[in-house]
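Student: Could we go through this structure together?
Tutor: Certainly; please look at it first.

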Amino acid sequence: MALGTPESDQRGLRESNPGLRAVIVCSLTIVLMAVDSRSEMLIDVRRLLAAAAYPVQVLIDSPVAVGRWLGESLATRSQLSTENAALRQQILEQSGQLQRLASLAKENARLRALLESTAKISDRVLVTEIMSVDMNPFRHRVIVNKGTDDDVFVGQALIDADGVVGQITRDRVFSAEAILITDAEHALPVEILRNRLRSIAVGSGQLDQLSLPFLPRNADVVVGDLLVTSGLGGTFPAGYPVGTITAVNSTTGEPFLDVTARPQARLNRIREVLLIWPGDPMPIEAESEAPVQGAPGPAADATAAAEVSP
Amino acid sequence: MSRRPSAVWPVWFVLLGAAALMSLPLPDSLALVRPALATMAVIYWTMMWPARFGLAAAWLVGLTLDVLQGDILGQHALALTVIAYITLRFHLQIRIFPLWQLTGAVFALLALEAFIHFWIDGVAGNPPAGPGRWTQVLAGGILWPVVMAIMDRVRERLERRDPSFG
């Protein structure tokens, strides 16, 4: 092994004084961390660095993406026709339910107009994919493959076919970072669908569990209750399913119940998710929803929010 | 010594590749034992080629990790700079250690890195990472001989091509 001459190494190191340099670099790094975690000053720097890292993330994601593409391309005819039949049946059932939804939405809009309150009937959605890239292994963070290029904004809600997934935390040009509702730093305002009891669902750090720490001991909550977003706080539009109560424990002497819920969205196996623009009607439905648009509230808010975040 | 600076690019490739591998998707069970490859690469090259790879390289690899993993900018950079400094300070001693002693030293360095992250999480108000942080240290210690064997290959090839290295 040619380890080199210790003398030359030592001379080089002594000249550059690594101890002093280490102290200077560490102090500057601590300042950098303080600035980054306590202020918004570095937001553009971060966006630039994240854009530089995007090709690497695409590269890491590519084996999984290629695998999926191969799986789709090499599927047999019978598999495809079975899947096609199942999807046809599903779309028939759902469009049957949607026929009633349209008339109910109109009725709701009329009643709300009588009450002179604004209505949030339809939300614009966009399908996006979660990239197969692990972020910090101890947080529930993901990267989605749509960014400011598609009007994604910080705080935007993410849902999947079953329920709420999370929200966008950092937007970039072609991708965005999102936090899942089960991250220990995340909390979202919910209500119980059965009796509209409001609470906060806090992430537990486990992908299959949410906790509701602020329900008083006499709260009317039972196992199996469905939690939906309450719309308070303004980040998540109201009425999307969040989770199902799995356990209600009351400990003597504790002021609050110990309630846990299981997220509706299958957070550990999702790939496709939907980004929501609240109160911003789908382009196709724009014509039929025109009367509702008369109330300027929500749509204007949504576009304003989209514009605020660059 | 820096006659052909372009010839060190394979090492940069290894260092940044190790950082990128940290965000390779793993199933939940395996993610608990994901070794800190970037830290081990930084330790190796700082120990073997201290005149070329030191604090600056460690800081850059750390910043790459911060960006890739979405952490506070500087979290990994700080931890890796500290690790690189300690490795630099003791590189003459530890690189002649027998393998088992070297593995012990690397294990201690990985544990120190995990502790720095633990400390930064505490100060920044992030939720604690739980036991996963320490099982990763264990996995890193166990995998060190393998990582070292791979890096030795790279280093020997580079040194054969250009004897002025080392």
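Tutor: We shall discuss the contact between the chains and then some strands of chain A.
Tutor: This is a predicted model, in which local features need pLDDT of at least 70, side-chain atom pairs count only at pLDDT 80 or more, and totals for chains, interfaces and linings use all residues. Residues are numbered from 1 along each chain as its sequence is written, and chains are lettered from A and ligands numbered from 1 in the order in which they are written.

Student: How many residues does the contact take from chain A and from chain B?
Tutor: It takes 38 residues from chain A and 37 residues from chain B, where contact means C-beta atoms, placed from the backbone, within 7 Å.

Student: Which helix gives the largest share on the side of chain A?
Tutor: H2(A) does, with 11 residues. Helices (H or I, at least four residues) and strands (E, at least two) are DSSP runs, numbered from the N terminus.

Student: Now the strands. Why is S4(A) called largely enclosed?
Tutor: Six of the eight residues of strand S4 (residues 164-171) of chain A are buried, so the rest of the structure largely encloses it. Buried means that 20 or more other C-beta atoms, placed from the backbone, lie within 10 Å of the residue's own.

Student: How many bridges join S4(A) to S5?
Tutor: Five bridges join S4(A) to strand S5 (residues 176-180) of chain A, and the two run antiparallel. Strands pair if DSSP finds at least two bridges between them. A:Ile168 has A:Ala178 in S5(A) as its bridge partner.

Student: And what about S3(A)?
Tutor: Strand S3 (residues 157-159) of chain A pairs with S4(A) in the antiparallel sense over three bridges, and a hairpin of four residues joins S3(A) to S4(A).

Definitions and conventions. Two residues are in contact if their C-beta atoms, placed from the backbone, lie within 7 Å. A residue is buried if 20 or more other C-beta atoms lie within 10 Å of its own, exposed if 12 or fewer, and partly exposed in between; C-beta atoms are placed from the backbone.
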